[in-house]
Amino acid sequence: MAAGEAARADFARHWQAEFPGEAAPRMELGSVRAMERELERCRRHLRRLQRALAEERFKVGYLEAALARAPPP
């Protein structure tokens with residue numbers, strides 16, 4: 001088994017342990033450079049998701065506070 005295939009199999013095994021029944025995402029793990037690129041891509045995606053989560057949390061907090069201040073119908 002080539003190093004890249006071994007890394008993909010190891011990743012899939014760990015993914016299945018964390019997310020049973022979910023197929024592991026395809027990632028390029030054939031070399032250190034490929035893994036570094038995947039890491040940077042994942043970090044960028046995580047930053048976007050964290051920003052979206054922060055925005056949604058803000059909206060929820062704002063709306064809950066606004067509704068708490070609103071006079072009863």
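A salt bridge is a side-chain nitrogen of Lys or Arg within 4 Å of a carboxyl oxygen of Asp or Glu. Lys-59 and Glu-56 fit that description, as their closest N and O atoms are 2.7 Å apart. The structure they belong to is a predicted model.

**Salt bridges**

Side chains of opposite charge can pair when their charged atoms come close. This structure holds seven salt bridges. Three of them appear in the table, each with its N to O distance.

| Basic residue | Acidic residue | N to O distance |
|---|---|---|
| Lys-59 | Glu-56 | 2.7 Å |
| Arg-43 | Glu-40 | 3.1 Å |
| Arg-13 | Asp-10 | 2.4 Å |

Start with Lys-59 and Glu-56. Both are in helix H2, and they are separated by about one helical turn because they are three residues apart. Lys-59 is partly exposed, at 41% relative accessibility. Glu-56 is partly exposed too, with a relative accessible area of 41%.

Move to Arg-43 and Glu-40. They also sit in helix H2, three residues apart, so about one helical turn separates them. Arg-43 has a relative accessible area of 41% and is partly exposed. Glu-40 is partly exposed at 35%.

The pair of Arg-13 and Asp-10 belongs to another helix. Both residues lie in helix H1, which covers residues 3-18. Again the spacing is three residues, about one turn of the helix. Is Arg-13 buried or exposed? Arg-13 is exposed, because its relative accessible area is 53% and the cut-off for exposed is over 50%. Its partner Asp-10 has a relative accessible area of 32%, so Asp-10 is partly exposed.

**A buried glutamate**

Helix H2 runs over residues 32-69, and Glu-38 lies in it. Is Glu-38 buried or exposed? Glu-38 counts as buried because its relative accessibility is 12%, and buried means under 20%. Which residues does Glu-38 touch, leaving out those up to four places away in sequence? They are Met-27 and Glu-28.

**A nonpolar patch**

Phe-58 is also found in helix H2. Its relative accessibility is 59%, so Phe-58 counts as exposed. Together with Tyr-62 and Leu-63, Phe-58 makes a nonpolar surface patch. The patch has an area of about 370 Å².

How far is Leu-63 from Ala-12 in space? Their C-alpha atoms are 41 Å apart. In sequence, 51 residues separate the two. Ala-12 is found in helix H1. Ala-12 is partly exposed, with a relative accessible area of 27%.

**Regions and domains**

Now look at longer stretches of the chain. UniProt, in an unreviewed entry, lists residues 32-59 as "coiled-coil region". What share of that span is helix? In the model, the span is 100% helix and 0% strand. Its end C-alpha atoms lie 41 Å apart.

UniProt also lists residues 9-69, again in an unreviewed entry, as "domain: Bcr-Abl oncoprotein oligomerisation". Over residues 9-69 the chain is 79% helix and 0% strand. The C-alpha atoms at the ends of this stretch are 54 Å apart.

The domain assignment divides things in another way. It gives domain 1 as residues 1-30 and domain 2 as residues 43-72. How far apart are the C-alpha centres of domain 1 and domain 2? The distance is 34 Å.

**Putting it together**

Helix H2 holds several of the residues described here. Among them are the buried Glu-38 and the exposed Phe-58. The salt bridges of Lys-59 with Glu-56 and of Arg-43 with Glu-40 join residues of helix H2 as well. In helix H1, Arg-13 pairs with Asp-10.

Notes
Residues numbered from 1 in each chain as written. Predicted model: local features only at pLDDT ≥ 70, side-chain atom pairs only at ≥ 80, totals over all residues. Heavy atoms only, no water. UniProt positions renumbered as here; feature names shortened; annotations may be inferred. Helix = DSSP H or I, 4+ residues; strand = E, 2+ residues; numbered from the N terminus. Buried < 20%, exposed > 50% of the residue type's maximum accessible area, 1.4 Å probe, protein only. Contact = heavy atoms within 4.5 Å. Patch = residues over 30% accessible without salt bridge, like charges linked within 9 Å, V, L, I, M, F, W, Y side chains within 5 Å. Areas by Shrake-Rupley, 256 points an atom, 1.4 Å probe, with all protein chains shown as cover. Domains from an automatic or database assignment.
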